[in-house]
Amino acid sequence: MPETEARQILKEGEYGVLSLQAPEGGGYGVPMNYVWDGADALYLHCAGEGFKLECLKAHPQAGFVIVRGHSILPEKFSTAYESVMLRGTCSIVMDETEKQRALHLLIQKLTPGERERGEAYINRALAATTVLRLSIVAFCGKAHRNHTGSPAKVMRPPSAPEPGPSSTR
């Protein structure tokens with residue numbers, strides 16, 4: 001998959017699975033809506049308490065996976081899909097301006113026709129809403145399509161420039 005496709009999936013995806021390490025060990029994954037800031041962070045939102053926050057306090061390293069276009073290919077005993085996998089550090093956004101910006105980005109992405117109501121909702125729910133920032137360290141785009149094309153991987157922060165025509169991966 002070309003890097004531009006991986007970036008498009010990152011931009012257009014509606015949800016993904018946040019993967020964390022539990023405080024006592026073991027894994028924990030939770031599906032969540034997100035928005036990409038176009039550079040090196042994903043923003044997610046949640047309640048001010050819960051198991052995912054306990055996990056993050058103990059182990060801030062996180063993974064996030066977005067999958068789209070999946071379909072079972074029974075004749076090939078396989079699955080077609082496109083995916084982006086991210087690694088990074090997840091933290092609670094404490095800065096009020098960044099928190100509001102993240103919530104505005106989420107409203108613009110997920111409910112673009114409801115801007116006025118979204119603004120009102122942000123104003124009402126801001127204090128009770130926790131915003132998480134996943135600072136992206138590396139990402140990898142991968143696809144298995146209905147044909148035999150080989151999946152390509154990219155491992156660098158999405159804000160890093162794409163390689164030029166003379167560069168190799």
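Helix 3 and helix 4 pack with their axes 10 Å apart and at an angle of about 150 degrees, the axes being lines fitted to C-alpha atoms, for helices over the stretch in contact, and the angles running from 0 to 180 degrees between N-to-C directions. That angle makes helix 3 roughly antiparallel to helix 4, where angles under 35 degrees count as roughly parallel, over 145 as roughly antiparallel, 65 to 115 as roughly perpendicular and the rest as oblique. This is a predicted model, in which local features need pLDDT of at least 70 and side-chain atom pairs count only at pLDDT 80 or more, while totals for chains, interfaces and linings use all residues. Residues are numbered from 1 along each chain as its sequence is written, and side-chain values use heavy atoms, with hydrogens and water left out.

**The chain as a whole**

The secondary structure of the protein chain comes to four helices and seven strands, where helices (H or I, at least four residues) and strands (E, at least two) are DSSP runs numbered from the N terminus. Along the sequence these elements follow the pattern α-β-β-β-β-α-β-β-α-α-β. Of the 169 residues in the protein chain, 37% are buried; buried means under 20% relative accessible area, exposed over 50% and partly exposed in between, with a 1.4 Å probe and protein chains only. Among contacts between residues at least 6 apart in sequence, 67% join residues at least 24 apart, a contact being heavy atoms within 4.5 Å.

**Helix 4 and its partner**

Which residues of helix 4 are buried? In this helix, which spans residues 115–125, they are Gly-118, Ile-122 and Ala-125. Seen down the axis of helix 4, these buried residues fall within an arc of 85 degrees, so they line one face of the helix; the arc is that of the directions from the helix axis to the C-beta atoms. An α-helix has 3.6 residues a turn, so residues three or four places apart point the same way. On the other side of helix 4, Glu-116, Arg-117, Asn-123 and Arg-124 are exposed.

The cover over the buried residues of helix 4 includes helix 3 (96–110) and strand 7 (129–144). From helix 3, Leu-103, His-104 and Ile-107 meet Arg-115, Gly-118, Glu-119 and Ile-122 of helix 4. By class, this contact has three nonpolar, two polar and two charged residues, with Ala, Val, Leu, Ile, Met, Phe, Trp, Tyr, Cys and Pro counted as nonpolar, Asp, Glu, Lys and Arg as charged, and the others, Gly among them, as polar. The crossing of helix 3 and helix 4 is right-handed, which is to say that the near helix is turned clockwise from the far one by less than a right angle, whereas an anticlockwise turn would be left-handed.

**Helix 1**

In helix 1 (residues 3–12), the buried residues are Glu-3, Ala-6, Arg-7, Ile-9 and Leu-10. Viewed down the axis of helix 1, they fall within an arc of 160 degrees, so they line one face of the helix. They pack against strand 3 (35–36), strand 4 (41–47), strand 5 (61–73), strand 6, helix 3 and strand 7.

**Residue pairs distant in sequence**

The following pairs are given with their separation along the chain and their C-alpha to C-alpha distance.

| Residue | Partner | Separation in sequence | C-alpha distance |
|---|---|---|---|
| Arg-87 | Leu-18 | 69 residues | 10.0 Å |
| Met-94 | Arg-133 | 39 residues | 9.9 Å |
| Val-137 | Leu-86 | 51 residues | 7.6 Å |
| Cys-140 | Glu-3 | 137 residues | 8.7 Å |

Arg-87 has its place in strand 6 (residues 78–92) and, at 48% relative accessibility, counts as partly exposed. Met-94 sits in the loop between strand 6 and helix 3, where its relative accessibility of 69% makes it exposed. Val-137 lies in strand 7 and is partly exposed at 48% relative accessibility. Cys-140 is also found in strand 7, but is buried, with a relative accessible area of 8%.

**A loop residue with positive phi**

Where is Phe-77 found? Phe-77 belongs to the loop between strand 5 and strand 6, and with a relative accessible area of 79% this residue is exposed. Phi of Phe-77 is near 50 degrees, a positive value in a residue other than glycine. Most residues other than glycine have a negative phi.
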